[in-house]
Each structure stands twice: as C-alpha cells, then as structure tokens.
Amino acid sequence: MKRKISRAGKGLLYVLIGSSLCWPAPFIANAAEDAAKTAATTDQAADEAKVSETAPSDVQQYTLPPTEVTAKRDSQQSKDLPPAYAGGQVARGSRLGVLGNKDFLDTPFNITSYTDKLIENQQSHTLAGVLDNDPSVRFNSLSSYYDTWTIRGFTLSVGDIGFNGLYGILPTSSIGTEFVERVEVLKGPSALINGMQPSGSIGGSINLIPKRAGEEPLTRLNISYTGDSQLGGHIDIGRRFGENNRFGVRFNGAYRQGDTRFDGESQKVSLAVLGFDVRGHRFRASADLGYLESDFNAPTAEMYLASGLSVPRLPKSTFNFNPPWTYTNSKNTFGVIHGEFDLNPDWLVFASAGARKNTWDYVLGSATLTNAQGDFTESVTNYPLKYLAHTAELGIRGRFTSGLLRHQIVLSGTRLNIDRYQLSKPVTTFSSNLYNPVWGAQPGITDLGNLPLGSVTTLSGVALADTLSTADDRWQLTLGIRKQQVKVDRFDSTGAKTASYDKSATTPSVGLVIKARPNLSFYGNYIEGLQQGATAPAAAANAGEIFAPFKSKQYEAGLKWDAGTFATTLSAFQITQPSGLINPATLVYSVDGQQRNRGLELNVFGEPRKGTRLLGGVMLLDGKLVKTANGTYDGNTPVGVPRWTATLGAEWDTPFQPGLTLTARAVYNGSQYLDNGNTVQVAPWTRWDVGARYTFRQGGTPVTVRAMVTNVFNKRHWVGTTYGALTMGAPRTLLLSATMEL
C-alpha cells in the first residue's frame, strides 16, 4: 500500500528544512506530535463509545489497565548508539557517516569505536591518550599544544577531526575528552563517508560522538592529579524530563591547571559543553554548545637536523626545546544542531548545522641542530590566528525492497566554509645546547593588532550511496559516489587576492561484506580520499596550471570474527597517494609522484575470560616512495613511516580483592627515517604503562580511585614525525583520580 505523508507532516517537514533546524524546530515537532496524539485519543474514545453503544447488553465488559508497548528502533533511525562490546572498552559498531549506524560485522571497513568508559578508566584528558590504544595510529605532533597523528602511515591533522559527522566544528588545537561519548577511528580514506577533510588527510578519519543524557539521572564528580603538579576537576551532570523522558540535558565542565613533566611547561584548560536532545515519536533533535580555553606556557617543540647530521644522543627525559617565556593561548566557541524526521517507518530526512570561532595567539620556537655536540639555533615567531567556520548537511535516508534484494539508500549534501585570519612576525633567534640549555632574557613581544583575512576555504559536495543486501544480510554490497567541490582563495596582508583555486572531483566507492557465518564476516572495499590539487610552480614550463583535487586510492580486504566476548579484525590494505613533480627533461609539472603504503593489521578487543580484558593489535607497514623526481628516491621509505607498530593493553579484575583491577599496556613504534634519502634513522622504542583502580562504596556513594603511570621505566626516546622533525617522548608521568557518583 502506498504511504502518504499527512498534511501536518508535510508542513512540519517544510518548516524543518526551511529553517535549517533553528531552535524552534524541536518544539514545533513536539507540538505537532502532541496534537496528533490528542486527535488520535479523541478518535479512539469516539470509536470506543460506538462499540459500547452497539454491544449486546448481556455481554460482560471489562476495563483493562493501561499497557505501554515499547520497541527499540533499529539503526535506520539513528538516535541509538551501537552498544558497548563485552568488556566495555569499545563499541559493537560506529556511526559511519552517511551510511549511518553499522555493527562492526556489517561494516566493509576497519573501524574501532572507543567508549567513554575506556576514556575515564585510562584518565585520558586528551585524544592522544585514547588513540594510544590503536596500533595503526601514532602521535605525530610537533608540539604539545597542537595534536596530529598518523593513520596507516599518513598524517592526520587535528583540524580534520569530525564532531558527530561534521568537519570544521572542533578546536584546532589539543581537544579535551570530557564531553565525548565515543571516539571513532576509521582506517583508510573516507571521501564518501563524510566528504573531503579540511586539511586533506587521507590515511583515516576520527569522529567524536558527544555525550547524551541517559535514562537514569547522573551526577558524577572527578578530581584528578597529573605530574608534576597539575590538578583538575570534572563535573558530569545528565537529566531527562518530560513525557517518556523525551527531553535530555547533559553538561560537562572541566578545569585543569599546573605544571607538566616537561621543563618549564604548564597548562591551564577550561572546558564547558552543554548538550540537549529531544526524542519524539517521529522527530529527534539535538544541540551541543561548547567552550574550550587552553593556555600553555613553554609548550614542547620540535627539532630539525642540519644537513649531514645524525640523530643526536638524548638529553634528559624532561628536556623542552621551548624557553619558559614562550606560550600559546587559544579560545574556542562551537555549536552544532541536528535533527531527524521520520517521513514513514522506512524513510527519514536529516539535517545538521554548526559553527566555530577560534582565536589563537602563540609565540613559539622551532629548533635546528647545528652540530654533533648538541648545539642548536631556535627561531621564535609571534603568530596569531583566528578561524571562523560554518558547516551544514542535509539529506534523506531510506530503505525498500526490490525483488530478492533489500536497499538502504542515502542522499546527502554538505558544505563547509572556513575563514582564516593570520599574521606573523619574527621575535628572536638564539643559540642553546641540548645538554646545557641557556635561554637568555625574554624579548619584547608586541600585540600585532587586527588580523587580516588570509584565506577562505569552501568545501561542498553531494553523496549518493546504496547498500544492497539479501534478506538474511549474508551478502551486503555498498555502492557510493561523491561529487566534491574545492574552492580556496588566498590573500596578502593588504587584502589583495594572491591565489585562487576552484576545482571538483568525483570519487566512487565500493564495499562488500560476506557473512560466512553469523559471527564471521569477510569484507573488502575500494575507497578514495581527496586533497586540494596543486598549482604548477613558477619554475615549471606550465607555470600557473591548476590541477584537480588529488585522489588517493585504497584497496582493502579482511575478515572479522566475533567469539561472543572476544573479537578480532584482520585486514590487508594498499593506499596510494599522488604528488606533483617537475620532469627534469621537459620541465613540465605533473601529478606523477606517488607514495604507496601497503600493510597488514590485526586488531583484538573484548573479554576472552571473565574479568580479563584485552585491547590492541599490531600493524606491519610497507611504505614506499614509488615515483619521485628523476627517480632519485624511488624505492625508499617515506619520512616518518615505521615498519612495525604494536599496542597491547590488558585489564585483570583480581579475584582476591573484589573491586580491584590491575592494568598494563605496551606501546611499540618501529624505526623511522627523517629524510627521503633514508640516511637519518630514529631508533625504535617501547613504552610500558601500568595502573590500578579500585571501586567501592563510601556511605552509599560509589567511588572509583584510579592510578596510572605512563612510561613506567622512564625510557628516554626520540619520536620521529612525517615532517622530518624530532620530538621528545614523554617522560614517566603519574596520573591519579577519584570519581564519585553523587
């Protein structure tokens, strides 16, 4: 039978789309629902009256008590997160962008979703601590104030982290985790899933899911200490109210201040995030408003090597390249609203909109080693920034049956606009030594005033995807395509436009899942990632030629096995990333360069034995520069790409003391090269972390006390980066916390 949208439903739909989900939308929707319920109740009463009038007088009538029937909506209506897997450290599935919620056995990609329980138990105040659990992800940052990682050997910028599926919303510095329910890590390119990432990351993507109020009231207080002397507090409050707990509010506030383990570094972080949600019969909406302020004194920095030098011997474990008078100050305000409306049981429309304002003032240095005795020069720059970002998404998702096949189809359009304001001014240059640092007097630092517009980036696109499956879901084929437009304008300090880029690309994607058994899936995919294309340089014969967005391509195949309380994923992949180069014979610039990363991944998670939990895995990575200018570096290993990485964490609930859990984790990183010629190599390193937590009741109040020591053996080590720079591995650090459920 053909279903029709009611007149009221059409009106509500037009209001919802036309208003871009402005604040009145949830209340309009609920008013419409209430009116519909009232009308239904009136009609039902009238029908009951008619039945009563026509009923025979000798028939005994009974009045039954009211019965409430509830049913859980499936992933078609995406208000519900996939549940946690056994052990509670990761979830059974993830929100896979335009494809919606997917169980990990039904996902044709390698993706892991870390839970808030893991975040809390590991005392991970930033994303860096959470991502240490993933063997395919490695910290790649040049400084403690700005986070970057690598996934499958390719750089991922903090500016490319999504928030509930949207890019451009989160702060572009270090991100706190107090407001985060899930941290989803997708390995491999993801142009179809969420569109092109703002900075063009192609090795993978990270998406943060915000906390929502649960069914039970929550008031949780956490007090923490991090060495050397950093104290912090976190309050988490959640409430639901209204009919059937339809409305929800979740507030997370955090404050941390004090010295870190690196010389001279101190941090002050203030965070407040307020989340709202409305759960109606056919309409669901949410809103998140956040503020994050970070002040770092003497944040850690990187060191490059002058030509011909080898990696120097290590200084003391707490050494910091930045002098004590350097700093970064960042203020971030962000907000997102999202809504879904069910047109009928099989089709829904969804829309989101968000914005961010970020001001960033920093005075930081960058060091260069000049000789084998440890002397280095450091240039300090005053570099204030401001970002204004706006983003939106609108789409429709539905399902239908065609013959023997079922279809889950989605059509989505996205748009992201980022305005960047900037200035820079050299402050000073000085000389010092790794083993006997001398910083000198603090120079005068002046306010650079109003910031001129430096660039405007607009990313817009349309995606269409269809997942075809058999009735028993044993075969699932996902076909998708995205049309992506990339527009970038750059300006000098006077406001004059210096460069313009406006090109598009079309990226297809294919994913296949074959369930040999209900708990065993084989999967494969082809998917692409996008980066802004290049412009031929002045030295090229075709100077000024503008190239379409670069397409990185991934082929992947693997299997997933679920043993009930323990699961594993095994995958093999190849990612090729193009680059531009000048032909030395013709001087023509072309997109003929290529880096190729091939690898094997093994991931494990769950609770193989009651009270014993495992999380981690290993990655074997074969990175190669396949095509370089004049073939100079063909066959070499790319900068910062290790051959082996591994992480394995374990938790054990002790039988001799109920409530006591012991934890341990090992993180291994293979050797890395700092140059394309593969002449400068960073040694491999292993870090050991240990910890314990104890849960008990104090006067009826649940209390959990946690202790963790990272790098327990205080092993000094250099960390290589894909930028060709060295950073210091973090020294031994003690983390303590106490959590109370009030």
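Biologist: Is Glu556 buried or exposed?

Modeller: This is a predicted model, in which local features need pLDDT of at least 70 and side-chain atom pairs count only at pLDDT 80 or more, while totals for chains, interfaces and linings use all residues. Residues are numbered from 1 along each chain as its sequence is written, and side-chain values use heavy atoms, with hydrogens and water left out. A residue is termed buried under 20% relative accessible area, exposed over 50%, and partly exposed in between (1.4 Å probe, protein chains only). Because its relative accessibility is 4%, Glu556 counts as buried.

Biologist: With which residue does Glu556 form a salt bridge?

Modeller: A salt bridge requires a side-chain nitrogen of Lys or Arg within 4 Å of a carboxyl oxygen of Asp or Glu. Side chains of opposite charge can pair when their charged atoms come close. For Glu556, the closest N and O atoms of the pair are 3.0 Å apart, and the partner is Arg152.

Biologist: How many residues apart are Arg152 and Glu556?

Modeller: The closest N and O atoms of the Arg152 and Glu556 salt bridge are 3.0 Å apart. Helices (H or I, at least four residues) and strands (E, at least two) are DSSP runs, numbered from the N terminus. Arg152 is in the loop between strand 5 (148-151) and strand 6 (154-157), whereas Glu556 is in strand 26 (residues 550-562), so the pair links distant parts of the chain. Their separation in sequence is 404 residues.

Biologist: What is the relative accessible area of Lys211, a partner of Asp236?

Modeller: Lys211 and Asp236 form a salt bridge whose closest N and O atoms are 3.2 Å apart. Asp236 belongs to strand 11 (residues 230-241), and Lys211 to the loop between strand 9 (204-210) and strand 10 (218-226), 25 residues apart. Asp236 is buried at 1% relative accessibility. Lys211 also counts as buried, because its relative accessible area is 8%.

Biologist: Which residue meets Asp288 in a salt bridge?

Modeller: The N to O distance of this pair is 2.7 Å, and the partner of Asp288 is Arg212. Asp288 lies in strand 14 (residues 283-297) and its partner in the loop between strand 9 and strand 10, so the pair ties together parts 76 residues apart in sequence. Asp288 is buried at 2% relative accessible area. The partner, at 21%, is partly exposed, and its name is Arg212.

Biologist: Which side chain makes a polar contact with the side chain of Thr219?

Modeller: Thr219 is placed in strand 10 and is buried, with 17% relative accessibility. A polar contact is a pair of N or O atoms within 3.5 Å; within protein, one must be able to donate a hydrogen and the other to accept it, and residues adjacent in sequence count only if both atoms are side-chain atoms. At 2.9 Å, the side chain that meets this definition with Thr219 is that of Arg239.

Biologist: Which helix gives the most residues to the largest nonpolar core?

Modeller: A nonpolar core is a set of buried Ala, Val, Leu, Ile, Met, Phe, Trp, Tyr and Cys residues joined through side-chain atoms within 4.5 Å. The largest such core has 58 residues, and Trp149, Ile161, Val183, Ile206 and Leu208 touch the most other members. With 4 residues, the element that gives the most to this core is helix 4 (residues 127-131).

Biologist: What is the phi of Asn630 near?

Modeller: Asn630 is in the loop between strand 29 (612-627) and strand 30 (644-653), and is exposed at 64% relative accessible area. Most residues other than glycine have a negative phi, and most peptide bonds are trans. Asn630, a residue other than glycine, has a positive phi near 60°.

Biologist: What is the omega of the cis peptide bond from Gly227 to Asp228 near?

Modeller: Asp228 lies in the loop between strand 10 and strand 11. The peptide bond leading to Asp228 from Gly227 is cis, and its omega is near 10°.

Biologist: What percentage of the residues of the chain count as buried?

Modeller: The chain contains 5 helices and 38 strands. A search of the whole structure finds 33 salt bridges. Of the 742 residues, the share that count as buried is 53%.
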